[in-house]
Amino acid sequence: MTRTKGTAASPPRPRAGPRFKFIKVLLKLGPGLVTGASDDDPSGIATYSQVGAQFGYGMLWVMPFSYPLMAVIQEISARIGRLTGLGLAGNIRRHYPKPILYGVVSLLLIANIVNLGADIGAMGAAAKLLMPGPLWAYIVMFGVVSLLLQIVVPYTKYVRYLKWLTLALFAYVATAVVVGEPKWQAIRATFWPSFSLHRDYFTALIAVLGTTISPYLFFWQASEEAQDVSVNAGERPLKQAPGQAPAQFRRIKFDTYFGMALSNLVAFFIILTTAVTLRAHGISDIQTADQAAEALKPLAGRFAFLLFALGIIGTGLLAVPVLAGSAAYGVSEAFRWTASLEKKPRLAVKFYGTIGAATAIGLALNFVHLNPIKALFWSAVLNGVVAAPVMVLMMILARDAKLMGKFTLPLYLRVGGWIATAAMLIASLGMIVTLRP
């Protein structure tokens, strides 16, 4: 008698439950998750804290408004990287004149270095709030640790480390839960926005958009998709392996939209937390992330303070490698240097040299008496200046049949991408206007 499935001799394989399927899906998250999480860096935390302290619930609506704009432009950058096997700078090099390439990469490098310095300084200041010791020692320690992790740890392991660091973001969700908030007022402000043409409000709005939709995120996600192609056996650029496209596009979409949703959710809770504590107690001038943490202590308790301060350190450890890495990918692709976090430093000397130089200069900015709020402000200005033209270049690239083959953008990405580009162009022009005395 033949044996059939389900007999004692060959028991049926147990089906994975919903929990295991969910964990399996989460393990597949990669560039989109890390990119979204790195957007809530200490510089971003400072911006969101200032907005919450100054305007209360008045800008909660910006986060759901910016989410689809942020998500579609990141999905486009990811598609370009996966389709071509090259990052954004590599594709710009192939399709645009050198002055455009060098101009974009130079501005990206400057903005990232300033942002690096501000983030390393914020991590040191947060550590100083939690532990005794000189501030300079913490700043140097975080700069060196961040640099060594990028140089010593291979890419495949390093990405897993970055994924776990995204858990630091939940410190801000937990902080909001600890302090509590008037739920109805927050909900109404989120879905029934109040808008002002006052200069301070408009400047803050531009700063939030510039912090949320930043050029280094485009470069990082495209380069990481290209990097994944080179390190995963059996994967090739989708132009060369079109059969892989449907599954990869589904993964990119889920990964990107999940990562950007996490980013904007955390930003929402930072604004909410500072609105219900700092703003409610008359504190409206917050210039750095560690100031926000310190101000929370007498108002919301030591636990909320600890969560907020630890979140600054965790998000900084996540964001600094992304800032340095995206700068190094951009510069290396522009000059056709070997660019890979998977290769040993001796096989990609110029790539790792760029990471080291960017991190070292950013670290040094903390010792030249640079005003942190001015550093953040000019970093936001540069990001705003770079973002719109880079998005224009991306949208034109994504329409190029030679570049994209048969995988030109679907309608929702074409429409959403141009809307996001127009929004950032308006924000950039508005930023320039607000710079006028």
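# Getting to know this predicted model

User: Over how many Å should the 23 residues of helix α4 (residues 62-84) span, and how far apart are its end C-alpha atoms?
Analyst: Let's start with the expected value for this helix in the predicted model. At 1.5 Å a residue, the 23 residues of α4 should span 33 Å. The actual separation of the end C-alpha atoms agrees with that, at 33 Å.

User: How many residues of α4 are buried, and which residue follows the helix?
Analyst: Of the 23 residues, 19 are buried, so α4 is largely enclosed by the rest of the structure. Just after the helix comes a residue with a positive phi, near 75°. That residue is glycine 85.

User: Which residues of helix α2 are buried?
Analyst: Helix α2 covers residues 31-38, and eight of the eight are buried, so the helix is largely enclosed by the rest of the structure. The buried residues are Pro31, Gly32, Leu33, Val34, Thr35, Gly36, Ala37 and Ser38.

User: Is leucine 148 buried, partly exposed or exposed, and which residues form a nonpolar patch with it?
Analyst: Leucine 148 is found in helix α7, residues 135-152. Its relative accessibility is 45%, and because buried means under 20% and exposed means over 50%, leucine 148 counts as partly exposed. On the surface it belongs to a nonpolar patch with about 260 Å² of accessible area together, and its partners there are Val144 and Val152.

User: Where does arginine 336 lie, and what is its phi?
Analyst: Arginine 336 sits in the loop between α15 (302-334) and α16 (349-364). With a relative accessible area of 65%, arginine 336 is exposed. Although arginine 336 is not a glycine, its phi is positive, about 60°.

User: Which residues is aspartate 200 in contact with, leaving aside its neighbours within four places in sequence?
Analyst: Aspartate 200 has its place in helix α11 (residues 199-212), and at 41% relative accessibility it counts as partly exposed. Phenylalanine 55 is 145 residues apart from aspartate 200 along the chain, yet their C-alpha atoms are separated by 9.7 Å. The contacts of aspartate 200 beyond its sequence neighbours are Gln54 and Phe55.

User: What share of the contacts with a separation of 6 or more comes from residues 24 or more positions apart?
Analyst: For the whole picture, the chain has 19 helices and zero strands. Of its 437 residues, 54% count as buried. Among contacts with a separation of 6 or more, the share from residues 24 or more positions apart is 83%.

Note on methods: Residues are numbered from 1 along each chain as its sequence is written. This is a predicted model: local features need pLDDT of at least 70, side-chain atom pairs count only at pLDDT 80 or more; totals for chains, interfaces and linings use all residues. Side-chain values use heavy atoms; hydrogens and water are left out. Patches are made of residues with over 30% relative accessible area and no salt bridge: like charges are joined within 9 Å, nonpolar side chains (Val, Leu, Ile, Met, Phe, Trp, Tyr) within 5 Å. Accessible areas come from the Shrake-Rupley method with a 1.4 Å probe; for residues, only the protein chains shown count as cover. A salt bridge is a side-chain nitrogen of Lys or Arg within 4 Å of a carboxyl oxygen of Asp or Glu. Helices (H or I, at least four residues) and strands (E, at least two) are DSSP runs, numbered from the N terminus. Buried means under 20% relative accessible area, exposed over 50%, partly exposed in between (1.4 Å probe, protein chains only). The expected span of a helix is 1.5 Å times one less than its number of residues. Contact means heavy atoms within 4.5 Å.
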